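Here is a short tour of a protein chain for your bench notes. Have a look at the fold on screen, and then we will walk through the overall picture before turning to one hairpin.

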Amino acid sequence: MSLLPAIEQETRSNPDASVIWLHGLGADGYDFAPIVPELALPEDLGIRFIFPHAPSRPVTVNGGFVMPAWFDIYEMAIDRRVDVDQLMVSAEAINNFVDRELERGIDSRRIILAGFSQGGAVAYQVSLSHPRPLGGLIAMSTYFATSDSITLSESNQDLPIEIQHGLHDPIVPQVLGIRAAEFLRDRGYAVAFRTYPMDHSVCPRQIGDLSAALQRFLDW
């Protein structure tokens, strides 16, 4: 199995849960790695955090500049156009991480997907189409780019979903987070939607909610 480069952190030895956390456009796996100690998780909660690095590619909205990106973005209009084929290739790359965690003995219900911005779009696709039941989805400042084409997996109809968005986000407007939440709620998914007085970023109060979501997903 070929895997993208990634950073791994474990909260204790022999973890029994995994969080695969996807960064946004132009960043890398190091972007969110420092957040782990800030989550202040219970000492006996064993989680392996995995922060993959997206491959570098030209990004149209940034003048074709080559940068880490899960997929190309053609335009930043509210109904933004993206390279869905590249997104699906990235989703398959993340599915490989899920498979590797299964091989390591992690129960699928204790594998959580998290993603910020572009990474969240990939996390939506992976978690909601995966053939095995996963532990949860955290979508931060992001959008559901494949809502029109995804084949929703019956195995993840009960997937707990946490959507978090900044009220003043100029990059991914809050309406895109609302649309994703409404799409999922209309199809019977349990969705928590939270907003924060911030732009396209992460704030301290949100970190507390991230910790609470992880503990809730893992029944703590």
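Let's begin with the contacts. Among contacts in the chain with a separation of 6 or more, 70% are between residues 24 or more positions apart. Please keep in mind that this is a predicted model.

The chain is built from five helices and eleven strands. Its radius of gyration is 16 Å, close to the 17 Å that the globule rule gives for 220 residues, so the chain is as compact as a globular protein of that length. Burial fits into this picture too: 53% of the 220 residues count as buried.

Here are some values for the whole chain.

| Property of the chain | Value |
|---|---|
| Span of the C-alpha trace along its principal axes | about 45 × 35 × 35 Å |
| Exposed area | about 9,400 Å² |
| Share of the exposed area from carbon and sulfur atoms | 49% |
| Distance between the mean positions of the positive and negative charges | 3 Å |

As for the charges themselves, the chain carries 16 positive and 28 negative ones.

Now for the hairpin. Which strands form it, with five residues between them? They are β4 and β5. Strand β4 covers residues 56–59 and strand β5 covers residues 65–68. The two run antiparallel and are joined by four bridges. One pairing to find on screen is Arg57, whose bridge partner in β5 is Met67. In the turn, Gly63 has a positive phi of about 70 degrees.

Methods. Residues are numbered from 1 along each chain as its sequence is written. This is a predicted model: local features need pLDDT of at least 70, side-chain atom pairs count only at pLDDT 80 or more; totals for chains, interfaces and linings use all residues. Side-chain values use heavy atoms; hydrogens and water are left out. The radius of gyration is taken over C-alpha atoms; the globule rule is 2.2 Å times the number of residues to the power 0.38. Buried means under 20% relative accessible area, exposed over 50%, partly exposed in between (1.4 Å probe, protein chains only). Contact means heavy atoms within 4.5 Å. Accessible areas come from the Shrake-Rupley method with a 1.4 Å probe; for residues, only the protein chains shown count as cover. Lys and Arg count as positive and Asp and Glu as negative; His and the chain ends are not counted. The place of a charge is taken as NZ of Lys, CZ of Arg, CG of Asp or CD of Glu. Two strands pair if DSSP finds at least two bridges between them.
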